[in-house]
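Here's a short walk through one protein model, a few spots at a time. Have the sequence and the structure open while you read.

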Amino acid sequence: MISPGPVHDSLTAGIGATPLVRLDRVVDGIAAAVHVKAEYANPGGSVKDRAAHAMVTAAERDGRLRPGGTVFEGTSGNTGIGLAMVAARRGYRCVLVVPDRTAVEKIALLRAYGAEVVLTPGTVPQHDPRHVRRLAERLAAETDGGWLADQYTNPANPLVHEHTTGPEIWAQTSGRITHLVSGVGTGGTISGTSRYLREVSGGRVRIVAADPATSRYSGGDGSPYTVEAVGHYLNPDTVVDEWPQTYDPSVVDEFVQVPDGDAVRLVRRVAREEGMLLGGSSGTALAAGLQVAAGLGPDDVVVVIAPDSGRAYLSKYFDDDWCVRLGFVDAPDGPRVRDVLPAAAAGLTVVPVGRSTGEVLAGLPADAPDVLPVVADRDGAGPDRASGDAVGAVAVSDLRAAAPGDPVRPGPLLATVGIGESVAGALARVPDDGRPLLVVADGRIVRSLPRPALT
């Protein structure tokens with residue numbers, strides 16, 4: 001008999017109580033049970049509905065948000081969608097500051113709920129007034145009746161997961177959960193959920209944090225990564241690296257670093273094999289969960305928190321052309337870019353921005369290309385590395401013409417081609433400006449290629 005389901009007095013009453021779904025197709029060879037906590041089943045489509053509702057409710061209770069007020073937040077999308085939904089239900093104006101790298105579907109959703117969207121550069125230092133959090137703080141302070149949700153410091157964020165998400169998972173697994181796997185964005189989800197599960201299990205549940213490979217949380221260099229709404233990016237010009245107060249690092253037993261390519265290809269596979277449409281951060285968490293589960297036995301139960309749905313990323317992870325251009329998947333027809341790459345000259349010669357021309361020239365290999373990508377200057381940046389943060393390009397002839405003490409002055413970016421893109425497609429797509437092309441694999445620049453090599 002089919003259960004009719006609950007009847008709610010309002011939309012916000014439907015937040016939480018999300019299903020737990022056991023995977024059975026992408027777990028070949030894994031003895032442990034792997035479940036996905038489908039947080040995209042929340043009314044606003046993500047785990048952030050819980051935090052948004054809790055933060056607004058707490059602000060109303062404390063008198064910080066009053067009738068006629070305006071809700072402000074800096075967000076990569078999901079918290080903003082939750083806040084916009086709750087604000088619409090309760091009659092508040094909502095203004096959301098969003099990084100310009102956010103998926104267009106998320107921005108469209110924010111506007112559909114009536115929110116005002118302010119786009120800002122997504123890769124500026126934390127102290128820059130254009131930074132997503134700094135700009136949201138300023139706008140809220142300048143507005144009568146403005147209230148800043150500030151998911152990065154608001155204790156209602158982790159607390160709602162301690163009171164709801166954790167107990168739900170414990171009840172749904174009948175207390176059999178052995179491993180929790182979650183990404184870390186603001187840290188609210190993993191911190192709150194883990195506190196409950198650790199307490200109720202007497203410390204038996206192991207907490208695994210899934211993190212993009214370059215995220216600072218797990219010790220990466222902080223360079224850009226493709227997957228949204230998880231990890232910690234660090235602009236190299238940042239003065240003080242602020243971590244969210246809502247993240248409690250002590251709850252994490254183990255980090256698993258997940259390259260973007262693994263996450264993107266996994267969500268595409270899960271959609272086709274499990275019929276489950278997951279967002280990129282869910283792919284990061286699930287890739288880590290499968291890695292952990294592979295070493296466990298039949299009595300183990302792994303629960304992976306899937307923050308949101310792939311519906312918000314149809315123009316990215318599920319768009320074949322986008323994935324091909326960024327080197328995540330191969331074009332259906334060849335020959336492909338990787339097929340024409342010279343066997344020699346492996347790796348990528350880069351110029352760190354801010355260095356003097358003399359320093360750069362002294363470190364250049366003899367076979368360096370005539371035009372080089374200029375990248376953000378990070379600790380340990382050498383002349384041979386993959387890069388996720390190109391900021392321009394410079395000709396070696398210009399470096400030699402400059403005074404040795406002059407700083408490198410980057411010109412326009414070089415065009416990029418995916419490593420699995422068809423040669424014909426790349427030639428048709430990228431204009432010929434006489435400069436080399438950069439080859440992208442899994443979202444990161446890995447090689448420089450003279451355009452004639454494609455013809």
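Let's start with Val 264, which is buried because its relative accessible area is 0% (buried means under 20% relative accessible area, exposed over 50%, partly exposed in between, with a 1.4 Å probe and protein chains only). Before going on, a word on the ground rules: this is a predicted model, where local features need pLDDT of at least 70, side-chain atom pairs count only at pLDDT 80 or more, and totals for chains, interfaces and linings use all residues. Residues are numbered from 1 along each chain as its sequence is written, and side-chain values use heavy atoms, with hydrogens and water left out.

Back to Val 264, which sits in helix H7, residues 260-273 (helices are DSSP runs of H or I with at least four residues, strands are runs of E with at least two, and both are numbered from the N terminus). Leaving aside residues up to four places away in sequence, Val 264 touches Tyr 317, Cys 323 and Phe 328, where contact means heavy atoms within 4.5 Å. Ser 282 is 18 residues away along the chain, and its C-alpha is 9.6 Å from that of Val 264.

One of those partners, Cys 323, is buried too, at 0% relative accessibility. Another cysteine, Cys 94, is also buried, with a relative accessible area of 4%. How many disulfides are there? The count is zero, taking a disulfide as a pair of cysteine sulfur atoms within 2.5 Å.

Next up is helix H2, which covers residues 78-90 and has 13 residues. From first C-alpha to last, H2 reaches 18 Å, close to the 18 Å expected at 1.5 Å a residue; that expected span is 1.5 Å times one less than the number of residues. Is H2 largely enclosed or largely open? Ten of its 13 residues are buried, so H2 is largely enclosed by the rest of the structure. Among the buried ones are Asn 78, Gly 80, Leu 83, Met 85 and Ala 87. The cover over the buried residues of H2 includes helices H1 (48-62) and H3 (104-112), along with strands E3 (70-74) and E4 (93-99). Right after H2 comes Gly 91, with a positive phi near 85°.

Further along there's a hairpin made by E15 and E16, with two residues between them. Strand E15 (residues 437-441) runs antiparallel to E16, and five bridges join them; strands count as paired if DSSP finds at least two bridges between them. Leu 438 faces Ser 448 of E16 across the pair. In the turn, Asp 442 has a positive phi of about 50°. As for E16 itself (residues 444-449), five of its six residues are buried, leaving the strand mostly covered.

Two residues other than glycine also have positive phi values, and here they are side by side.

| Residue | Phi | Place | Relative accessibility |
|---|---|---|---|
| Ala 17 | near 55° | segment before strand E1 (20-22) | 66%, exposed |
| Ser 174 | about 55° | loop between helix H5 (156-172) and strand E7 (179-183) | 62%, exposed |

Last stop: a cis peptide bond. Gly 334 and Pro 335 are joined by it, with omega about 0°. Pro 335 lies in the loop between helices H9 (320-325) and H10 (337-340).
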